[in-house]
Amino acid sequence: NRRLICFGIGLILCVSSSAVATLRDVPADIVTIQAAINVSADGDTVLVAPGTYVENLEFGARSIRLLSSGGSASTILQPEFAGLTFVHFGGGGSQTEFAGFTLDGGSMTHVIDVSSSQPWIHNNTIVNHVSYNSNSTEIGSYSGDPLIEFNLFIHNRSIVGVGIF
């Protein structure tokens with residue numbers, strides 16, 4: 001009887017401890033933002049310190065929060081591979097949040113690409129994006145349902161037009 005009770009208590013502790021969200025600090029705990037995204041599970045928060053980070057970000061199907069601790073004026077993302085999508089949300093992510101960054105530069109068709117997910121994209125600045133394709137979208141969504149609020153678009157250009165699709 002005692003063994004059964006101890007087993008039950010142990011099982012409850014294991015289940016409850018696995019449900020706790022983890023806070024991951026970049027670069028204090030993990031050097032790159034993408035590495036922090038890769039090790040995060042649904043419900044986790046990646047908190048990015050002010051600075052300039054040269055990365056393209058892939059969220060996949062994760063439902064995580066990616067936030068800057070200093071806001072978009074002091075937390076800058078620049079693409080490592082200028083011709084690829086800068087930030088991609090795909091395959092789920094109904095509780096994903098992306099906030100407080102300046103996305104600076106690049107020559108891709110989409111700065112932020114949303115595919116089959118529902119991220120909340122807010123309080124970001126997209127600046128100095130140039131597309132040499134016929135048109136360009138700063139935030140593009142295909143079969144997704146993003147909530148886009150309070151983002152600032154400055155000095156972005158393409159051959160035909162720039163916008164949100």
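This is a short group-meeting talk about one protein chain and how its strands and rings are arranged.

Hi everyone. Before anything else, please keep in mind that the model we're looking at is predicted.

Let's start with the whole chain. There are two helices and 18 strands in it, so strands will come up a lot in this talk. The chain has 165 residues, and 43% of them count as buried. Its accessible surface comes to about 8500 Å², and carbon and sulfur atoms account for 60% of that. Now take the contacts between residues at least 6 apart in sequence: 62% of these join residues at least 24 apart.

Okay, let's go to strand S7, residues 87-92. Is S7 largely enclosed or not, and why? Five of its six residues are buried, so the rest of the structure largely encloses the strand.

Which strands does S7 pair with? One of them is strand S4, residues 57-60, and that pairing is parallel, over three bridges. If you want to find it on the screen, look for Leu-57, whose bridge partner in S7 is Val-87. Another is strand S10, residues 110-117, again in the parallel sense, this time over five bridges. Here you can pick out two places along the pairing. Val-87 stands opposite Ile-112 in S10, and Gly-92 has Ser-117 as its bridge partner. So Val-87 is a handy residue to click on, because it is the partner of Leu-57 and also sits opposite Ile-112.

What about S10 itself? Six of its eight residues are buried, so this strand, too, is largely enclosed by the rest of the structure.

Next, the aromatic rings. How many aromatic pairs does a search of the whole structure find? It finds four. Let's look at Phe-89 and Phe-98. Their ring centres are 6.0 Å apart and their planes sit at 70 degrees; that angle is over 60, so we call the pair edge-to-face. Are these two residues buried or exposed? Phe-89 has a relative accessible area of 1%, so it's buried. Phe-98 comes in at 0%, so it counts as buried as well. Both belong to one aromatic cluster, made up of Phe-59, Phe-89, Phe-98 and Phe-101.

Now let's move to Tyr-142, which has its place in strand S14, residues 136-142. Its relative accessible area is 39%, so it is partly exposed: that value falls between the 20% and 50% cut-offs. What does Tyr-142 touch, once we leave aside its neighbours within four places in sequence? The list is His-110, Asp-113, Val-114, Ser-115, Ser-116 and Phe-165. Phe-165 is 23 residues away along the chain, and the C-alpha atoms of the two residues are separated by 8.4 Å.

Last stop, the surface. Tyr-132, Ile-159 and Val-160 form a nonpolar patch there, and together they have about 390 Å² of accessible area. Where is Val-160 found? Look in the loop between strand S17, residues 157-158, and strand S18, residues 162-164. Val-160 has a relative accessible area of 62%, which is over 50%, so we call it exposed.

To wrap up, try finding two spots yourself: Phe-89, which is buried at 1%, and Val-160, which is exposed at 62%. Thanks, everyone!

Conventions: Residues are numbered from 1 along each chain as its sequence is written. This is a predicted model: local features need pLDDT of at least 70, side-chain atom pairs count only at pLDDT 80 or more; totals for chains, interfaces and linings use all residues. Side-chain values use heavy atoms; hydrogens and water are left out. Buried means under 20% relative accessible area, exposed over 50%, partly exposed in between (1.4 Å probe, protein chains only). Helices (H or I, at least four residues) and strands (E, at least two) are DSSP runs, numbered from the N terminus. Two strands pair if DSSP finds at least two bridges between them. Rings of Phe, Tyr and Trp (its six-membered ring) pair if their centres lie within 6.5 Å; planes under 30 degrees apart count as stacked, over 60 as edge-to-face and the rest as tilted. Patches are made of residues with over 30% relative accessible area and no salt bridge: like charges are joined within 9 Å, nonpolar side chains (Val, Leu, Ile, Met, Phe, Trp, Tyr) within 5 Å. Accessible areas come from the Shrake-Rupley method with a 1.4 Å probe; for residues, only the protein chains shown count as cover. A salt bridge is a side-chain nitrogen of Lys or Arg within 4 Å of a carboxyl oxygen of Asp or Glu. Contact means heavy atoms within 4.5 Å.
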